[in-house]
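Biologist: Before we talk about details, could you put the chain and its model on the screen, so that we can go through them together?

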Amino acid sequence: MKRLLIKIACLVAAGSLVTSCDLLKLDNYDGPNAQVSGRILDAETGEPIQIEAYTETGGNWWAPTTTVISGSLVVIEDVSDRWGEEFYEEQDWFVKWYGEYRNDRVFAGSYSVDFRKLPVYSPEEDTVIEIGEGSNSYNFELLPYCRIVNPEISYDAAGETITATFSVELTDPSKAGTLAQVVFCSNTSNFVGQNFRMNSGDTGSIASGITVNADGTTDTITLTIDASDGGVNNAEFQYERPHYLRIAALANGNGFNTSSMWNFSPVYVLNEDKTVNVYDWSTAN
């Protein structure tokens, strides 16, 4: 009986201690009060800049990394009034494959935006945006390292091959003036790119050391993907289903694009009836 009374007294005392402090108070800070969206546009053509999905580096399955090396806007909220300029945290606002971004949970305020994780030349001046409460829209006009020009993709039923013809334009040959490689990518998923392709062993879909003319453009380039039964890509093309296609180009040199980020054409889809058309992302699941 004495032990029971002691336990009850201890519980009452502990309860009084907890309820008398701030441990049980609800967080009274306001949550995110703004949304922001927009597009990453080619400053010269006005077209959305196509990118690859964000790519992470390092880490293991038991300790995954959160270091994103491509596919996002790097954003810093302006907190200088509160903590000083040396204390800040970078955020990654992920950019979709077709050059659009959206973040529905941000705080109103001033943000600086960095473009080092996109395949573009960063502006010489700092980019700062003001986000107000509610909905906000910001488009960023930038210069890609290169462009895929006049892409045409077709399917040859007789040879069971997919052919891409195109040329590449370096936007500033005085900077990233070398076209290191171009690749014709295919995948059974609409997420298709240099890092997301199933035809990695198909030599017909890769070209390196392409000659760039004095005006920064190449002659017409032709690449093919073997879609035949028993061919090098048999595992990918053995079933009748849509296949997704994309042209990738890597421009670098002169100390630019040292992270080897690729520029892309839009995504195309090879339908089951073997017709080819530009993929409509609004139909994606």
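What follows is a conversation about a predicted model, taken up by topic.

Biologist: In what order do the 3 strands of the open sheet lie?

Modeller: Strand 12 (146-156) and strand 16 (221-226) are the edge strands, each pairing on one side only. The pairing in this sheet is antiparallel, and the twist averages 20° from one strand to the next. The order of the strands is therefore read from edge to edge, with a strand counted as paired once DSSP finds at least two bridges, and it comes out as 12-13-16.

Biologist: How many bridges join strand 12 to strand 13, and how many does strand 13 form with strand 16?

Modeller: Strand 13 covers residues 161-170 and runs antiparallel to strand 12, and in this pairing Cys 146 stands opposite Leu 170. With strand 16 the sense is again antiparallel, and there Phe 166 of strand 13 has Ile 221 as its bridge partner. The count for strand 12 with strand 13 is 9 bridges, and for strand 13 with strand 16 it is 6 bridges.

Biologist: Which residue takes a positive phi in the hairpin of strand 12 and strand 13?

Modeller: The hairpin has 4 residues between its strands, and of the two strands that it connects, strand 13 is mostly covered, with 7 of its 10 residues buried. The positive phi, near 50°, belongs to Glu 160.

Biologist: Is Asp 42 buried or exposed?

Modeller: Asp 42 is found in strand 1, which spans residues 34-42. Leaving aside neighbours within four places in sequence, Asp 42 is in contact with Glu 47, Ile 49, Leu 142, Leu 143, Pro 144 and Arg 147. Because its relative accessibility is 5% and the cut-off lies at 20%, Asp 42 counts as buried.

Biologist: With which side chain does the side chain of Asp 42 make a polar contact?

Modeller: Among the residues in contact with Asp 42 are Leu 142, Leu 143 and Arg 147. The polar contact, at 2.5 Å, is made with the side chain of Arg 147.

Biologist: Which residue forms a salt bridge with Arg 147 at 3.2 Å, and which network holds Arg 147?

Modeller: Side chains of opposite charge can pair when their charged atoms come close. The partner at 3.2 Å, taken between the closest N and O atoms, is Glu 169; since Arg 147 lies in strand 12 and Glu 169 in strand 13, the pair ties together parts that are 22 residues apart in sequence. Arg 147 counts as buried at 11% relative accessibility, whereas Glu 169 is partly exposed at 26%. The salt-bridge partner is thus Glu 169, and the network consists of Asp 42, Glu 44, Arg 147 and Glu 169.

Biologist: Which residue meets Lys 117 in a salt bridge, and how many salt bridges does the structure hold?

Modeller: Lys 117 sits in the loop between strand 7 (109-114) and strand 8 (120-121), and the pair links distant parts of the chain, 25 residues apart, with the partner in strand 5 (residues 90-94). Lys 117 is buried, with a relative accessible area of 12%, while Asp 92 is partly exposed at 25%. The side chains meet at 3.3 Å, N to O, and the partner is Asp 92; the structure holds 9 salt bridges.

Biologist: Which residue forms a salt bridge with Arg 116?

Modeller: Arg 116 counts as partly exposed at 40% relative accessibility, and Asp 114 counts as partly exposed at 30%. The closest N and O atoms are 3.3 Å apart, and the partner of Arg 116 is Asp 114.

Biologist: Why does the pair of Trp 97 and Phe 196 tie together parts that are apart in sequence, and which cluster of rings includes the two?

Modeller: The pair is edge-to-face, 5.6 Å centre to centre with 65° between the planes. Trp 97 lies in the loop between strand 5 and strand 6 (100-106) and Phe 196 in the loop between strand 14 (178-187) and strand 15 (206-208), so the parts tied together are 99 residues apart in sequence. Trp 97 counts as buried at 5% relative accessibility, whereas Phe 196 is partly exposed at 30%. The cluster linked by ring pairs is Trp 97, Tyr 98, Phe 191, Phe 196, Tyr 244, Tyr 279 and Trp 281.

Notes. Residues numbered from 1 in each chain as written. Predicted model: local features only at pLDDT ≥ 70, side-chain atom pairs only at ≥ 80, totals over all residues. Heavy atoms only, no water. Axes fitted to C-alpha atoms, helices over the stretch in contact; angles between N-to-C directions. Buried < 20%, exposed > 50% of the residue type's maximum accessible area, 1.4 Å probe, protein only. Polar contact = N/O pair within 3.5 Å; in protein donor to acceptor, adjacent residues only side chain to side chain. Contact = heavy atoms within 4.5 Å. Salt bridge = Lys/Arg side-chain N within 4 Å of Asp/Glu carboxyl O. Phe/Tyr/Trp six-rings, centres within 6.5 Å; stacked < 30°, edge-to-face > 60°.
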